[in-house]
Amino acid sequence: MKIIFMGTPQFAVPSLNVLLENNYDVMAVVTQPDKPKGRKQILTPPEVKVQALKFNIPVLQPQKVKQPDIVKKLEELKPDLIVVVAFGQILPQSILKIPAIGCINVHASLLPKYRGAAPIQWAIINGERETGVTIMWMDEGMDTGDIFLQEKIVIEDNWTSEDLSIRLSNLGADLLLKSLKEIERGNLLRIPQEDKKATYAPILKKEHGLIHWYKSAKDIYNLIRGTYPWPGAYTFFKGQEIKIWKAQYRKDQSENPGRIIKILKNEGILVGTGDGTLLITELQETGRKRMKAWDYVIGHPISEGDEFGN
């Protein structure tokens with residue numbers, strides 16, 4: 001089977017690997033352009049490009065995949081299938097119609113829930129107990145195509161979006177391989193999505209990480225996990241932005257959301273919320289390294305009764 005693979009971040013690498021390990025003919029990889037990263041803004045290739053070059057697979061990096069010259073190149077390859085995993089661009093009809101079999105997508109949710117760019121993060125932020133992976137036949141809509149296969153996974157209470165992403169990327173690769181076996185058997189399963197049950201998972205922005213202390217301790221805990229490592233959950237203390245990296249939630253009674261109830265030696269900072277309390281155990285000031293909350297207490301004038309806020 002002749003395949004064109006489209007993907008960009010680390011999440012897509014296990015799916016590319018499973019194609020290579022099982023001797024599928026990956027004719028080309030299409031990925032996003034290299035981008036500057038870090039404080040020094042060093043031009044950095046996407047993880048999928050790095051992996052493709054290790055296997056001498058031709059790589060295309062168009063600014064827009066719908067560019068006529070890119071569409072022409074893909075047509076000339078005459079693929080049987082296009083596999084898309086976290087590519088980062090919507091495919092136009094001019095590309096969807098190229099492969100003989102079709103285009104399939106590995107999506108990190110149980111569609112039609114969490115259509116969009118950040119399904120992993122929003123599943124944790126919203127306190128979902130389970131999520132999963134969907135192999136979907138692509139159409140021109142945003143994750144609206146027919147479902148091929150799905151598989152569920154339980155979200156453990158201590159997982160961050162980074163933890164869940166690793167597990168779903170591996171699960172997605174396994175399900176992709178299973179899908180290819182089904183396609184080779186001629187089982188082109190198609191289950192239309194129930195659009196009325198659809199929810200949307202928009203791309204995360206900095207403001208999504210702002211902590212609102214009137215919410216419950218569990219909701220804030222989920223926000224910290226769901227926005228980890230980026231944009232990160234944050235609040236302000238005496239005008240200084242503070243990112244909260246790790247915390248624990250408690251169901252004990254609290255008043256005055258955002259107020260520091262107690263400073264616990266060697267543990268952290270216990271803060272009131274709208275329902276329950278939150279023990280901050282690891283944090284980071286802007287421009288400083290992340291640190292244990294107790295170390296922050298030692299080095300700063302902070303007292304019980306002080307408040308975190310917006």
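These legends go with close-up views of a predicted model.

**View A. Tyr-228 and Trp-245 meet edge-to-face.** There are six aromatic pairs in the structure, and this view shows one of them: the ring centres of Tyr-228 and Trp-245 sit 5.3 Å apart, with 80 degrees between the planes. That angle is over 60 degrees, so the pair goes down as edge-to-face. In sequence the two residues are 17 apart, and the pair ties together distant parts of the chain. Tyr-228 comes from the loop between helix 7 (217-226) and strand 10 (233-237), while Trp-245 belongs to strand 11 (residues 240-250). Both rings' residues are buried: Tyr-228 has 14% relative accessibility, and Trp-245 has a relative accessible area of 11%.

**View B. Phe-237 and Phe-308 make a tilted pair.** Here the ring centres are 5.2 Å apart and the planes stand at 50 degrees, so this one is classed as tilted. It's another link between distant parts of the chain: Phe-237 sits in strand 10, Phe-308 in the segment after helix 8 (293-299), and 71 residues separate them. Phe-237 counts as buried because its relative accessible area is 4%, and Phe-308 is buried too, at 3%. Add Trp-213 to Phe-237 and Phe-308 and you have one aromatic cluster.

**View C. Two side chains sit over ring faces, Lys-206 over Tyr-234 and Arg-290 over Trp-245.** Lys-206 is placed 4.3 Å from the ring centre of Tyr-234, over its face. For Arg-290, the distance to the ring centre of Trp-245 is 4.1 Å, again over the face. Trp-245 also turns up in View A, as the edge-to-face partner of Tyr-228.

**View D. Phe-11 is packed against several residues, Ser-169 among them.** Phe-11 lies in the loop between strand 1 (2-7) and helix 1 (13-21). With 13% relative accessibility, Phe-11 is buried. Leaving aside residues up to four places away in sequence, Phe-11 touches Val-85, Ala-86, Ala-108, Ile-120, Ser-165, Leu-168 and Ser-169. To place this view in the model, take Gly-239: its C-alpha is 36 Å from that of Phe-11, and the two residues are 228 apart along the chain.

**View E. Ser-169 touches Phe-11 and Pro-14.** This is the Phe-11 contact from the serine side. Ser-169 is part of helix 6 (residues 161-184). Its relative accessible area is 6%, so Ser-169 counts as buried. Setting aside residues up to four places away in sequence, Ser-169 has Phe-11 and Pro-14 as its contacts.

Technical notes
Residues numbered from 1 in each chain as written. Predicted model: local features only at pLDDT ≥ 70, side-chain atom pairs only at ≥ 80, totals over all residues. Heavy atoms only, no water. Phe/Tyr/Trp six-rings, centres within 6.5 Å; stacked < 30°, edge-to-face > 60°. Helix = DSSP H or I, 4+ residues; strand = E, 2+ residues; numbered from the N terminus. Buried < 20%, exposed > 50% of the residue type's maximum accessible area, 1.4 Å probe, protein only. Lys NZ or Arg CZ within 6 Å of the ring centre and 35° of its normal. Contact = heavy atoms within 4.5 Å.
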